[in-house]
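Okay, thanks everyone for coming. Let me put the structure up, and then I'll walk you through a couple of spots in it.

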Amino acid sequence: MSLLRKSLAANSSIFTPSEAATVAMIHSSSHRVLLRRSSSSSLRTATSAGLFYRRGVVFSLFNNVTHYSTSSSDDFFPSSKQRSRGPVMAAKKASGGEKQEEGRYKHTVDLPKTTFGMRANALVREPEIQKLWEDNQVFKKAVDKNDGEIFVLHDGPPYANGDLHMGHALNKILKDIINRYKSMDQEARKDLTQPKLRAKAAKFAKATVKTQMASFKRYGVWGDWDRPYLTLDPEYEAAQIEVFGQMAFQGYIYRGRKPVHWSPSSRTALAEAELEYPEGHVSKSIYALFRLASTPPTSNGLLEEFFPDLCLAIWTTTPWTVPANAAVAVNAKLQYAVIEVQSFLGDASTSSGNKKQRLGHVLKEEKQRFLIVASDLVPTLEAKWGVKLAVKKTLLGSDLENCQYFHPIDKRECPVVIGGDYITTESGTGLVHTAPGHGREDYVTGLKYGLPIISPVDDDGKFTEEAMQFIGLDVLGDGNIAVVKYLDEQMLLIMEESYQHNYPYDWRTKKPTIFRATEQWFASVEGFRQSAMEAISQVKWIPPQGENRITAMTSSRSDWCISRQRTWGVPIPVFYHLKTKEPLLNEETIDHIKSIIALKGSDAWWYMKVEDLLPEKYRDQALDYEKGMDTMDVWFDSGSSWATVFGKSGGPKFPADLYLEGTDQHRGWFQSSLLTSIATKGKAPYSSVITHGFVLDEKGCKMSKSLGNVVDPRTIIEGGRNSKEAPGYGADVLRLWVSSVDYTGDVMIGTQVIQQISEIYRKLRGTLRYLLGNLHDWEAVNAVSYNDLPMIDKHALFQLENVVNTIRESYDNYAFFKIFQIIQRFVIVDLSSFYFDVAKDRLYVGGTSSLTRRSCQTVLAAHLLSIARVIAPILPHLAEDVWQNLPFQFTVQDGSAVKFVFESKWPVPNEKWLAFPIEEIDFWGKILQLRTEVNKVLEVARTGKLIGSSLEAKVYLHTSDASLASRLHEMCTASNEADALHRIFITSQAEMLHHVENEILKTIPYSGEYLIQGSDRVWIGVSRAEGLKCERCWNYTPQVGSFVEHPTLCGRCYKVVAVQPEPAAAVC
């Protein structure tokens, strides 16, 4: 169980409480976002990076991701590489042994510094981080600090039957992402005695739970692992007994003899959810004759002319059920025909050499014979049997009711009855062999006509003496063959044919099951079906089609067989009178047994005597009773989990906020939980339900050991035997994959997919390393107030706030693949291609304490703390690794330091950042597109050998739009370096031209006219930059050579160097 508290009221700051203008930290995003102003519906393109805004409302535009980024890791900051990395390269050359003259100013360059490694080293680092959390009880602290409304994600009981697979990983990681987000946001068995078998089963289950728990922990899944709930805990079992009792007292539980799915291999009844339908099952179907004995007096001699050679032709895929035949059913509305078998055509398809089809001896007899079949099927049967069939008379199915025929084996007379709509002309003959002891529809028809419920089959799936000469034969093996052989010998077999179809198998033993009438306990779903249907409509289903699935399954569900013939499990708490076999079941017995099990566990039912299990009122009658040995269906076990989890005093609220499992649980846990809860509580146990698909391989094929395409989550995390072929990627890469897929359908995984996800993870880590490195000397007191920030920084915070809102909305809607897209686009691509790219100049060479550098660091700190927290639910190890490498202390409002990322809470919304003027949003959208167009001209100039680095260029601009021209001119002459147009273009100069004349064009070798945002035409020209190259920043300017002390520096660098002391000389 995951118990989560939801609180979005948590606040924190990267600044000291005394700072007048505190900048609240928010996370980031990257896909397209729309923002609108309440008074305007116009859309404006905000950035070339693909961000669209409308003031006040955030809209997400997404497509399903079917590919992943595969760009080279060396191309992490592509725009930097294409233009200039001057300060960095200069410092690297100096530190690499170049001449001292070239590295004269290296000590003045503020290069990134961080202990955060580029390589994740996940196989070592992730377990270290998990131990850090465990040692410091971070999970407990995170839960305890949440003082908001409780959010409950109810995790279903584990199916403890082996190691985990990718389906488990997908399921538990999805749950953990939600959990973390909400925590931040507010055969040998026959020789065993019953006690020994139960002890062995319990030991196996506990060992498997322990193994699975270790794997879940390695996935980075948080939970109260020291106090899990288990279905074999006495407290759980007692609550389950109470649910059973409440349903019984309301009349929903009854005992009856009716056909159920029976597993001979497990020797128990099975629920529909315990079945699977493997492909390729082949049954032996037969067409057989049942000789008609008589017609009812009301038929007025309708068929007398065809006696005594008139037969009913039936078709069945279960010949072994013929001994249990009690009737033949017809559809009253269908037209039937009396046909004469006139000649044998000898079709090749029915020759004895055909293994799929074999004709019986009866058709080869030279004897007049008449058969009754559905009229529409005559041509099909003629072709299949290879005989000529002549229609002699037609009649309705209703005309056949109450005709009598001779049972093919014991020769007793049986009736023809009217069946239901299940009788069609899609296959067979239109007449259905009916055995009420071996079929659901047969049973219903049998009840209508009072037919005997015959089921001559024992627990092992073998014929009993009631089947006479077939006693002891396996109904699915020799018994089936023997029945077919007998019918053929009796001249009653028309054809035997192999028939491939879906057939139910036991999900545990992987062996076929049968339908068999036995005494079982049932829950009458009909008694509360309507309430269940109404409750379904009140639940939020994700995806929406989940509602259709569970509605269809619940509306058509027959009564639920809840008893099992197993030794392990929770007993059905009932006593039977030795003589009358009447069950003893009332409130007194239930309460007494519940109290015993709560103290001693369900094993007490097996080792305690009847007199001790009975309440005192009945102890003097103990010798008259025996205890039942049936146990409850495992789906009743798990379907009662809400009663334990939500039934505790002071426990979570009821109903749960969320259930999350695979789509197969619409017929499993979702449904069993719904039925038990509706029957006892009158409402669904959940408010919302999320379902995910199955995990397939990279080609979309089902994983199978025989195909060799199974992907083991443990191998992804820890690696295989050959570390080169199967490297270990760590849990976070697996978790990132989970977030990348649209889990509402089937998802694919394989080597290539994981490699691509790993590359995206590595780039994200590189982005975070960039942020950490450039904040090595930053403290909260260095923060620049919002009003003093350059416009480029305000725009960056505006973008950050918008994508934060979008990510939060995606988390709230459980749309994790959208968050993956945001992270991939905004964090990895957009930030590095624009803001980080432009920021390098002022970060590295702008001066350690300069306003432009400190303002940039203020923005970078906001991004770092926001990104770390927003990715934490998905990538907890990476987020914590970042947090442990923070170069500054993060404090909350009371001044206390936050030591772990999951103690930091969700970032607080900042309305000031969101209040970025609409005209500025529009303008910066143009600037970003203009920068893209300038880069195109620069690339042409580079190809023409005019320039190498973009810093060797000067850019000229001209536009007839007076307003735009004025703003661009201001940026060309901006006193604030951060907003200067040439800094944004990463060129040495930028000039706004009032006119574009021929004389000017002669001096500008490369130019072109471009359309900005579909309306503004801007002429762009590029020439060589003016002046000389600055040794320190590599910008070109006429100022170089103007300073005697530093003749190789530009004016900006001169001012920076002038206030920085020379490095101390090395002492030999």
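I'll start with the whole chain, then go to one helix, then to one sheet.

So, this is a predicted model. The chain has 31 helices and 39 strands, and of its 1068 residues, 57% count as buried. Its accessible surface is about 45,300 Å², with 50% of that belonging to carbon and sulfur atoms.

Now find helix α9, residues 440-449. Which of its residues are buried? Those are D442, Y443, T445 and G446. They span an arc of only 165° around the axis, which is why they sit on the same side of α9. Flip to the other side of α9 and you get V444, L447 and K448, which are exposed. As for what covers the buried residues, that includes β7 (253-263), β18 (413-418) and β19 (431-434). Right after α9 comes G450, with a positive phi near 70°.

Okay, on to the sheet. Here we have an open sheet of four strands, in the order β35-β34-β37-β36, and the pairing is mixed. β35 (989-992) and β36 (1006-1012) are at the edges with a single partner strand each, so each has one side without a neighbour in the sheet. From one strand to the next, the twist averages 25°.

Look at β36 and β37 (residues 1016-1024): they run antiparallel, joined by seven bridges. For example, Y1006 has V1022 in β37 as its bridge partner.

Two helices to point out here. Helix α27 (residues 918-943) lies across β34 (953-959), β36 and β37, at about 155° to β36. Helix α28 (residues 962-972) packs on the sheet too, touching β34, β35 and β37, and its direction makes about 145° with that of β35.

Note on methods
Residues numbered from 1 in each chain as written. Predicted model: local features only at pLDDT ≥ 70, side-chain atom pairs only at ≥ 80, totals over all residues. Heavy atoms only, no water. Buried < 20%, exposed > 50% of the residue type's maximum accessible area, 1.4 Å probe, protein only. Areas by Shrake-Rupley, 256 points an atom, 1.4 Å probe, with all protein chains shown as cover. Arc of directions from axis to C-beta. Contact = heavy atoms within 4.5 Å. Pairing = 2+ DSSP bridges. Axes fitted to C-alpha atoms, helices over the stretch in contact; angles between N-to-C directions.
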